[in-house]
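Reader: Please show the model, and then we can go through it by question and answer.

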Amino acid sequence: MFGLLPHSPIILSEVRPLDIWLLLGIGMVWELVSRGILLLVYKKKSSALVKKESELEIATRKTEKLQKMGPSKFVETSKMERSCLALEREVTTMKEQRKISTQSAEKILGRDGNMAVAALVFLLFYGVPIMTLAAVDDNQNELLSSLSIEEDAGASLTTPPPQSLRAIMFPISYIGMGMRVARWGLEDINNSMGGLVVMWSGQVFIGKLMDAADALLLVL
């Protein structure tokens, strides 16, 4: 089989489309909810902070204007400078409190929440292959899902498939402990995909969109 580039066919022996949609939905919804809460509740500037920053900007402009008037406005200038310092301390305190609360929420939603959702999906789909590649004979291009050769002594030797899902997904399949955990319980760990991988795919997709929203929020 040829296309723009020569390649051998990838034949599936099992695929669960409804489970794929369910797991993608779980990952996407959870990522959207958790990141949305962080973005709109914690990372976004509160109305009180915006108001204080606006007051500080106005006070700073008034102070600069008074400073240009010279010594005749010394008293008024001193009052405005003290007012600016007080507003700066308030703004700094509010930003520090916002930073602390954001870090705490990221720990709960980003780390603990993700681990809880992943553990739930792992338990519900333990040992269930969401997608499995079929064994293919290169010479005949036929399915060899359960081909075995019986020896005289009674032992069984199964012909290994020439295609491997781990090889197709290289190097992702070899990075991190998560991909190894996602294969636990699967009968064929080399050619099967667990539910965690599908759920993580949905999370990554929404996560990239939320990263763009985070960057946009910093500009505003």
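Reader: How far apart, N to O, are the side chains of arginine 35 and glutamate 31 in their salt bridge?

Author: This is a predicted model, in which local features need pLDDT of at least 70 and side-chain atom pairs count only at pLDDT 80 or more, while totals for chains, interfaces and linings use all residues. Residues are numbered from 1 along each chain as its sequence is written, and side-chain values use heavy atoms, with hydrogens and water left out. A salt bridge here is a side-chain nitrogen of Lys or Arg within 4 Å of a carboxyl oxygen of Asp or Glu. Arginine 35 and glutamate 31 meet in one, with an N to O distance of 3.3 Å.

Reader: In which helix do arginine 35 and glutamate 31 both lie?

Author: Helices (H or I, at least four residues) and strands (E, at least two) are DSSP runs, numbered from the N terminus. The two residues are four apart, about one turn of the helix. The element that holds both is helix H1.

Reader: Is glutamate 31 buried or exposed?

Author: Buried means under 20% relative accessible area, exposed over 50%, and partly exposed in between (1.4 Å probe, protein chains only). Its partner arginine 35 has 17% relative accessibility and so counts as buried. Glutamate 31 has 9%, so the class is buried.

Reader: Which helix holds both lysine 52 and glutamate 55?

Author: The side chains of lysine 52 and glutamate 55 form a salt bridge of 3.9 Å, N to O. Lysine 52 is partly exposed because its relative accessible area is 24%, and glutamate 55 is partly exposed at 31%. They are three residues apart, about one turn, in helix H2 (residues 47–68).

Reader: Which residues are joined into one network by salt bridges that share partners?

Author: The structure holds nine salt bridges. One of them pairs aspartate 112 with arginine 111, the closest N and O atoms being 3.3 Å apart. Shared partners give one network, made of Glu31, Arg35 and Asp211.

Reader: What accessible area do Val29, Val33, Ile37, Leu40 and Val41 have together?

Author: Patches take residues with over 30% relative accessible area and no salt bridge, joining like charges within 9 Å and nonpolar side chains (Val, Leu, Ile, Met, Phe, Trp, Tyr) within 5 Å. Valine 29 lies in helix H1 (residues 17–43) and counts as exposed because its relative accessibility is 52%. Areas come from the Shrake-Rupley method with a 1.4 Å probe, and for residues only the protein chains shown count as cover. The five residues form a nonpolar surface patch of about 440 Å².

Reader: How much space lies in the second largest cavity?

Author: On a 1 Å grid over the protein atoms alone, a cavity is a set of points where a 1.4 Å probe fits but cannot get out, and lining residues have an atom within 4 Å of a point. Grid points are joined across faces, edges and corners, and a volume is the space filled by probe spheres set on the points. The whole structure has two cavities of 30 Å³ or more. The second largest holds about 60 Å³.

Reader: How many charged residues are in the lining of the second largest cavity?

Author: The lining includes Phe122, Tyr126, Trp184 and Leu186, and helix H3 (74–124) and helix H6 (195–219) each supply at least two residues. Ala, Val, Leu, Ile, Met, Phe, Trp, Tyr, Cys and Pro count as nonpolar, Asp, Glu, Lys and Arg as charged, and the others, Gly among them, as polar. The lining has nine nonpolar and three polar residues, and the number of charged ones is none.

Key. On a 1 Å grid over the protein atoms alone, a cavity is a set of points where a 1.4 Å probe fits but cannot get out, and a pocket is an open set with protein on both sides within 12 Å along at least five of seven lines; lining residues have an atom within 4 Å of a point.
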